[in-house]
Amino acid sequence: MLNLLTGDLDRRPAFRSNWPVVIALFLLFTLGLSAAHSQGLTWPTNQMLPTFSKPASVLDCIDVTSSSGPEIDLFASLEGIVNRTQPQIVCVSSGDGEGEFTWVNLHNLTCNVTNGYNCILKYQSYVTGLVVTDPTEPDTLNLATTMAGVNNELICDPSLLNTLTNAPYNLAVKDDLRGRFSNKYQVYGYLYTNYWSLCTHRVIAGMETNLDGNLRDYLVAVRSATVWLDPGISQDATLLAKFAANISPLNGVYMGWWPSEANGLTWISNYGIPVLASDFFRNGSVFSGVQRSIYIPPIPPPPPLTNKVYVSLILSDGDNAQYMEHVMRMWWENPARGKVPIGWTADPLVCDLDP
């Protein structure tokens, strides 16, 4: 199993020389910046998801309200690459029902609202180049998400190539996925053969290929393999099983979601891997680093019971992270909250995503 703390170290070829001191100085000079950008996550073996570093005193806030889908994926990949070292970028949208800056303000984070392209220029030293997706094979977005995390490449739809490869960005195309795959099985087979060994084996994610941004910043940051496979389909299950076989029971998490809820949850339960519904969760690479003490109140004594029927009202939708971040947050403001005793589930894994 790849420990992410080890996986975050730069993967450089061994270098032998008769002048070790000279070479060491050369490496410090030319590669020191890259090394400085490689640390930031804490992931103990007894913690399901990692803790990010404390966010910067002032975050660069990218408003993606008017951004296109490809731009949102582009900025999410930049956010993940940069925030792996220290959370410095947050993406917000007025389309979030709970409010554009609600969570930023709740965490007392200070932001400088800026343009995503300005952030590319500011943090260009973190980036090695571009990985170009193939719109005719939508699953290449998930492959690009995986490659962005492993190679520190920005996810680039072909529509953005002219902008990003010319001044002032002048980014090189490191990987071009266009025309290389005929179906999703080739895409994910290539991912498994070439990148699974370089990914963390403590997280794997299922992401629909039309979800712009959302969880992708987090997946890039933790170097997660990202797929979209339905284990209710025989060929999908066979391919997905190759990944699951390398994840230790109870020491890995399946994030995102499934093409079929029933098929996915039934199948993965055989591997002992918990699932965190989180495909619409935003800015996990920022909020995981917010330090917040968690107070667990004592369990009150049960009231005296009498000989009658008791009814318990329980709402189960809090079992997924994005519901808690968006819909539950909106309901929390409802003035009727608390008028009727009700149980409301909350997934404890979200404490790692956002304490």
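**Exercise 1.** How much space lies in the largest cavity? Work it out for this predicted model, then say what lines that cavity.

*Solution.* Start with the search: across the whole structure, it turns up 3 cavities of 30 Å³ or more. The largest cavity holds about 90 Å³ of space. Next, look at its walls. There are 16 lining residues, and the closest to the centre are Asp96, Glu98, Glu100, Trp103 and Asn283. Strand S2 (89-92) and helix H4 are the elements that give two or more residues to this lining. Sorted by class, the lining has 7 nonpolar, 4 polar and 5 charged residues.

**Exercise 2.** Find out whether arginine 282 is buried or exposed, and place it relative to the second largest cavity.

*Solution.* First, locate the residue: arginine 282 sits in the loop between strand S10 (275-277) and helix H12 (284-287). Then check its relative accessible area, which is 17%; buried means under 20%, so arginine 282 is buried. Beyond its neighbours within four places in sequence, its contacts include Val64, Asp96, Asn214 and Glu325. Finally, turn to the second largest cavity, with a volume of about 70 Å³. Arg282 is one of its lining residues, and so are Val64 and Asn214. Helix H3 (residues 69-83) gives the largest share of that lining, 3 residues.

**Exercise 3.** Describe the largest pocket by volume and by lining.

*Solution.* Volume comes to about 660 Å³. Of the 21 lining residues, Trp103, Met324, Val350, Asp354 and Pro355 are the closest to the centre. Elements giving two or more residues include helix H4 (102-106) and helix H13 (321-325). By class, the lining splits into 13 nonpolar, 3 polar and 5 charged residues.

Key. Residues are numbered from 1 along each chain as its sequence is written. This is a predicted model: local features need pLDDT of at least 70, side-chain atom pairs count only at pLDDT 80 or more; totals for chains, interfaces and linings use all residues. Side-chain values use heavy atoms; hydrogens and water are left out. On a 1 Å grid over the protein atoms alone, a cavity is a set of points where a 1.4 Å probe fits but cannot get out, and a pocket is an open set with protein on both sides within 12 Å along at least five of seven lines; lining residues have an atom within 4 Å of a point. Grid points are joined across faces, edges and corners, and a volume is the space filled by probe spheres set on the points. Helices (H or I, at least four residues) and strands (E, at least two) are DSSP runs, numbered from the N terminus. Ala, Val, Leu, Ile, Met, Phe, Trp, Tyr, Cys and Pro count as nonpolar, Asp, Glu, Lys and Arg as charged, and the others, Gly among them, as polar. Buried means under 20% relative accessible area, exposed over 50%, partly exposed in between (1.4 Å probe, protein chains only). Contact means heavy atoms within 4.5 Å.
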